[in-house]
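Okay, thanks for squeezing me in today. I'll put the model up and then walk you through a few places in it.

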Amino acid sequence: MHLLLLNGPNLNLLGQREPGIYGNGTLASIEERLRQEAKAEGAELDCFQSNFEGALVERIHQAMGLSQGILINAGAYTHTSIALRDALLGVAIPFVELHLSNTHARENFRHRSLLADRAVGVVSGFGPMSYSLALQGLLHHLGQF
Ligand code: DQA
């Protein structure tokens, strides 16, 4: 079982960025913990972060034929990117959308997601635990949990 974790723009700043909303944990610590959690369930997890939409699109393309599932925190691209939506649908790999914050409790422009209606599910508002919950949901969907 091979899975891919994608993080979009500004998530490299976790730990420094608006800690009142996103907490003090770094992306590296989230990735490391998730890798271990995936491994404990018999899955290998690749992690990729980019601030560039095209780089995320290309990483999704590369997952074709390799990854059975994708976890994605697309950051602000969640609310704007038809290109990411098309890439995820194009490779036809099941994906879970996740967010640290509860996007529905924030500004109106964060209420819309261009990914959610095609996701296996959405996890939002649990801080770093959103990543673990999304992993469990994806593994369950793939019949591994
Ligand atoms: C986010 C929520 C988005 O609205 C925001 O643009 C982010 C982070 C989250 O994890 O809560 O960059 O995806």
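Before I start pointing at things, one bit of bookkeeping: when I say helix, I mean a DSSP run of H or I that is at least four residues long, and the numbering goes from the N terminus. And keep in mind that what's on the screen is a predicted model.

With that in hand, let's begin with Ser130, which sits in helix α5, the stretch covering residues 129-141. Is Ser130 buried or exposed? It counts as buried, because its relative accessibility is 0% and the cut-off for buried is under 20%. If you want a sense of distance across the model, take Ser130 and Glu58: they're 72 residues apart in sequence, and their C-alpha atoms are 25 Å apart in space.

Now compare that with Leu34, over in helix α2, residues 27-40. Leu34 has 1% relative accessibility, so this one is buried too. Its C-alpha is 9.7 Å from the C-alpha of Pro128, with the two positions 94 residues apart in sequence.

Following on from α2, we get to Ala43, in the loop that links α2 to β2, where β2 is 44-49. Ala43 is a loop residue, but at 4% relative accessibility it still counts as buried. Which residue do I want to pair with Ala43 here? His2: the two are 41 residues apart along the chain, and 5.6 Å apart from C-alpha to C-alpha.

Okay, on to the ligand. Who is around it? Going along the chain, we have Arg17, Tyr22, Asn73, Gly75, Ala76, His79, His99, Leu100, Ser101, Thr103 and Arg110. Sorted by class, that shell comes out as 3 nonpolar, 6 polar and 2 charged residues. And the space the ligand takes up is the largest pocket.

There are some polar contacts to look at. The side chain of His79 puts an N or O atom 2.7 Å from an oxygen of the ligand. Leu100 comes in with its backbone, where a polar atom is 2.8 Å from a ligand oxygen. Then there's Arg110, with a polar side-chain atom 2.9 Å from an oxygen of the ligand. As for how covered the ligand is, on its own it has 320 Å² of accessible area, and the protein covers 99% of that.

Two of those shell residues, Ser101 and Thr103, bring me to Ser124. You'll find Ser124 in strand β5, residues 121-124. It counts as buried because its relative accessibility is 18%. What does the side chain of Ser124 reach at 2.8 Å? That's the backbone oxygen of Ser101. A polar atom of the Ser124 side chain also lies 3.2 Å from the backbone nitrogen of Thr103.

Last stop, a couple of backbone oddities. As a reminder, most residues other than glycine have a negative phi. Asn10 isn't a glycine, yet its phi is positive, at about 75 degrees. Asn10 is in the loop between β1 (2-7) and α1 (19-22), and with 34% relative accessibility it counts as partly exposed.

The other one is Ala92, again not a glycine, with a positive phi near 55 degrees. Where is Ala92? In the loop between α4 (82-91) and β4 (95-99). Ala92 has a relative accessible area of 63%, so it's exposed.

That's my tour, so shout if you'd like to go back to any of these spots.

Methods: Residues numbered from 1 in each chain as written. Predicted model: local features only at pLDDT ≥ 70, side-chain atom pairs only at ≥ 80, totals over all residues. Heavy atoms only, no water. Near = heavy atom within 4 Å. Polar contact = N/O pair within 3.5 Å; in protein donor to acceptor, adjacent residues only side chain to side chain. Areas by Shrake-Rupley, 256 points an atom, 1.4 Å probe, with all protein chains shown as cover. 1 Å grid on protein atoms, 1.4 Å probe; cavity = no way out; pocket = protein on both sides within 12 Å on 5 of 7 lines; lining within 4 Å. Sits in = over half its atoms within 2 Å of the grid points. Nonpolar A, V, L, I, M, F, W, Y, C, P; charged D, E, K, R; others polar. Helix = DSSP H or I, 4+ residues; strand = E, 2+ residues; numbered from the N terminus. Buried < 20%, exposed > 50% of the residue type's maximum accessible area, 1.4 Å probe, protein only.
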